[in-house]
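Biologist: I'm new to this structure and would like a close look at one part of it. Could you pick a spot, start there, and then work outwards so I get the whole picture?

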Amino acid sequence: MAADTAKSMRVSDKVMIEMSGVHKWFGDFHVLKNIDLTIKEGERIVIAGPSGSGKSTLIRCINHLETHDAGKIVIDGIELTEDLKRIDEVRREVGMVFQQFNLFPHMTVLENCTLAPLWVRKMPEAEARDLAMKLLERVRIPEQADKYPGQLSGGQQQRVAIARALCMNPKIMLFDEPTSALDPEMIKEVLDVMVELAREGMTMLCVTHEMGFAREVANRVVFMDEGEIIEQAAPDEFFSAPKNERTKSFLAQILAH
Amino acid sequence: MSAIDMMGPPQRSGSVLGWLRRNLFSSIGNTVLTLVAAYLLWLTIPPLLNFAIFDAVWTGETREACLGEGKGACWPLVWANFGQFIYGRYPESEIWRVNIVFALGFIALVPMLIPSAPAKRFNVIFLLVVYPLIALVLLAGDRPGLPPVPTSEWGGLLVTLVVAVTGIVVSLPLGIVLALGRRSSMPAIRMLSIIFIEFWRGVPLVTVLFMASVMLPLFLPEGLSPDNLLRCLVGVALFSSAYMAEVVRGGLQAIPAGQYEAARAAGLSYWQTMGLVVLPQALRHVIPGIVNTFIGLFKDTTLVLIVGIFDVLGQVRAQLSDPTWTVPQGALTGYLFAGIVFWIFCFGMSQYSSFMERRLSAGRGR
């Protein structure tokens with residue numbers, strides 16, 4: 001079943017993200033070491049690895065929340081440099097979902113969703129509202145539109161965050177541990193939304209410890225440790241026949257229980 | 001229904017005696033404190049009320065009405081000089097201009113207090129941009145049909161309000177800009193903001209006013225010396241901006257980095273991020289601090305007295321040397337009046353601040 005789903009999702013030949021020779025340091029700490037990663041349109045990538053291995057930093061480089069110190073990052077044909085105009089251009093195409101949701105607490109759910117379309121895309125208000133309601137329906141919480149984030153559960157907040165990112169009609173979605181801050185009973189409702197998104201052909205990069213999700217929707221699992229990409233493979237191969245010793249011991253740890 | 005479903009919350013005893021016992025006499029220590037406090041109140045409140053109300057002289061035309069044993073506050077003194085306390089030496093024939101400015105300000109303020117009032121945005125623009133211009137033209141004059149009134153003739157509550165309102169209106173936006181500047185990633189802007197803030201916070205307001213009024217004209221070429229009141233206004237506004245900047249910075253620091261990241265990741269620019277996401281939250285956090293600064297500023301306006309500008313307190317003091325109203329209780333009466341005036345304005349601001357806090361926190365779930 002899982003394999004069928006994965007196969008049914010098409011991957012085009014168009015390159016969406018290309019990282020080559022990317023290095024990054026936090027002070028003296030070499031957090032990303034010579035990262036080469038090419039992602040095509042429609043690919044669903046799960047990035048796994050022990051904490052502190054640079055997974056989050058890697059995806060935060062893609063929308064320039066972190067600057068890379070060396071190497072080249074090209075997003076949908078736009079190279080990321082210090083040029084602010086290009087950074088804004090890339091950010092319009094890349095949606096991001098954070099571990100801590102980061103909804104704006106002083107705005108209603110609807111206002112959270114319409115903010116960027118209104119101010120960045122300059123969309124008329126009625127159109128932005130319709131779009132937001134459509135996406136809130138898609139994440140199954142249209143009835144919460146007029147509430148404030150503080151009144152929602154963690155799972156609901158994270159689904160709003162996904163809808164908010166989708167409102168910009170992004171070509172790429174980044175997920176930075178989207179379920180790590182959730183209570184166990186809420187993880188599924190968020191993963192369900194993400195699975196649906198994957199089936200619709202969204203290019204996705206997801207840092208997560210949800211290996212079930214990886215098996216179901218990823219077409220590639222990237223394993224990182226100590227700032228390097230150690231191994232990447234299709235999920236079947238990654239889980240059943242890992243090649244590297246570090247991958248093996250990581251999988252032994254997380255799949256043990 | 002089962003017995004558990006039938007249970008209501010525990011009964012709170014409603015009797016006055018019960019309340020007294022719980023809150024005032026719950027232990028020996030509390031009982032002692034209650035008695036001491038009651039004694040202190042008994043020592044201070046009745047004499048104050050006697051002086052201000054029961055023994056006070058309320059009517060009379062001259063000082064003789066207030067003379068005599070056991071008489072309290074001499075309110076006729078205030079009535080007789082009321083015009084001076086409010087308008088200073090503003091020419092009597094032109095006082096209608098001041099009244100229009102007061103009335104306009106009051107009318108524009110009222111809708112701000114009513115959350116459901118329409119056209120908020122228009123009202124704010126009117127209050128912050130149009131109103132000051134109207135006030136300036138009307139008060140200073142020198143336009144067709146409006147003879148000029150030099151600021152040296154302004155005084156009383158008029159001056160207090162002009163200084164305080166200017167300080168408030170200028171210090172909030174300037175303070176926000178300075179606070180953002182101090183947190184900027186650009187070193188030059190950060191340095192300039194820090195130098196500005198630390199300079200103005202480091203000197204006493206009295207020094208600022210004195211420098212503005214006495215020293216500045218010595219450095220400026222002859223004939224280019226701006227108006228004395230204007231110089232003080234600039235001094236007060238810059239001084240309070242520095243304080244405001246630090247209050248706002250405190251609010252900015254309370255906003256988690258995730259808020260900036262979410263806004264930037266959505267493609268918002270720096271100014272959009274600040275204006276739409278960060279500042280609305282940060283300012284909400286520091287409403288008490290902002291209003292605290294406003295109240296402090298309002299009371300600090302009394303310091304303009306040292307450069308020869310007469311605010312309410314200055315007018316009251318000046319009046320004390322007027323021989324037609326020399327009565328033993330004159331000083332007490334005058335200061336009591338000035339105190340009441342300041343208290344009304346400051347208490348009003350503090351009430352408005354708690355009203356805003358309640359309104360902004362209502363319905364947000366946290």
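Modeller: Sure, let's start with a small detail: the side chains of Thr324(B) and Asp322(B) are joined by a polar contact of 2.8 Å. Keep in mind as we go that this is a predicted model. Where does Thr324(B) sit? You'll find Thr324(B) in the loop of chain B that runs between helix H14 (312-320) and helix H15 (330-361). There's also a long-range neighbour to look at: Glu64(B) is 260 residues away from Thr324(B) along the chain, yet their C-alpha atoms are separated by 9.7 Å.

Now zoom out to the chain that holds this loop. Chain B has 15 helices and zero strands. Its radius of gyration is 26 Å, whereas the globule rule gives 21 Å for 366 residues, so chain B is more spread out than a compact globule. If you drew a box around the C-alpha atoms of chain B along the principal axes, that box would be roughly 80 × 65 × 40 Å. The domain assignment splits chain B into domain 1 (16-54) and domain 2, which is made of 63-90 + 149-360. Between the C-alpha centres of those two domains of chain B there are 36 Å.

Next, the place where chain B meets chain A. On the chain B side, 20 residues are in contact, and they meet 24 residues of chain A. The size of an interface is often given as the accessible area lost when the parts come together. Here, about 1,900 Å² is buried between chain B and chain A, and carbon and sulfur atoms give 59% of that area.

Which residues form a salt bridge across this interface? The rule finds one salt bridge between the two chains, and the partners are Arg60(A) and Glu261(B), with the closest N and O atoms 2.7 Å apart. Helix H11 (257-265) and helix H12 (270-285) of chain B each bring at least two residues to the side that touches chain A. Of that side, the largest share comes from H11(B), with seven residues. Sorted by class, the side of chain B that touches chain A includes eight nonpolar, seven polar and five charged residues. Across the interface of chain B and chain A, the rule also picks out six residue pairs in polar contact, both residues at pLDDT 80 or more.

Finally, over to the partner. Chain A has ten helices and ten strands. With a radius of gyration of 18 Å, close to the 18 Å from the globule rule for 257 residues, chain A is as compact as a globular protein of that length. Its C-alpha trace spans about 55 × 45 × 35 Å along the principal axes.

Over all chains, the search turns up 25 salt bridges. One of these is within chain A, where Lys14(A) pairs with Asp76(A), the closest N and O atoms being 3.2 Å apart. Lys14(A) is in the loop between helix H1 (2-8) and strand S1 (15-26), and Asp76(A) is in the loop between strand S4 (70-75) and strand S5 (78-79), so this pair ties together parts of chain A that are 62 residues apart in sequence.

Conventions: Residues numbered from 1 in each chain as written. Chains lettered and ligands numbered in written order. Predicted model: local features only at pLDDT ≥ 70, side-chain atom pairs only at ≥ 80, totals over all residues. Heavy atoms only, no water. Domains from an automatic or database assignment. Contact = heavy atoms within 4.5 Å. Buried area = accessible area lost by both parts, 1.4 Å probe. Salt bridge = Lys/Arg side-chain N within 4 Å of Asp/Glu carboxyl O. Polar contact = N/O pair within 3.5 Å; in protein donor to acceptor, adjacent residues only side chain to side chain. Helix = DSSP H or I, 4+ residues; strand = E, 2+ residues; numbered from the N terminus. Nonpolar A, V, L, I, M, F, W, Y, C, P; charged D, E, K, R; others polar. Rg over C-alpha atoms; globule rule 2.2 N^0.38 Å.
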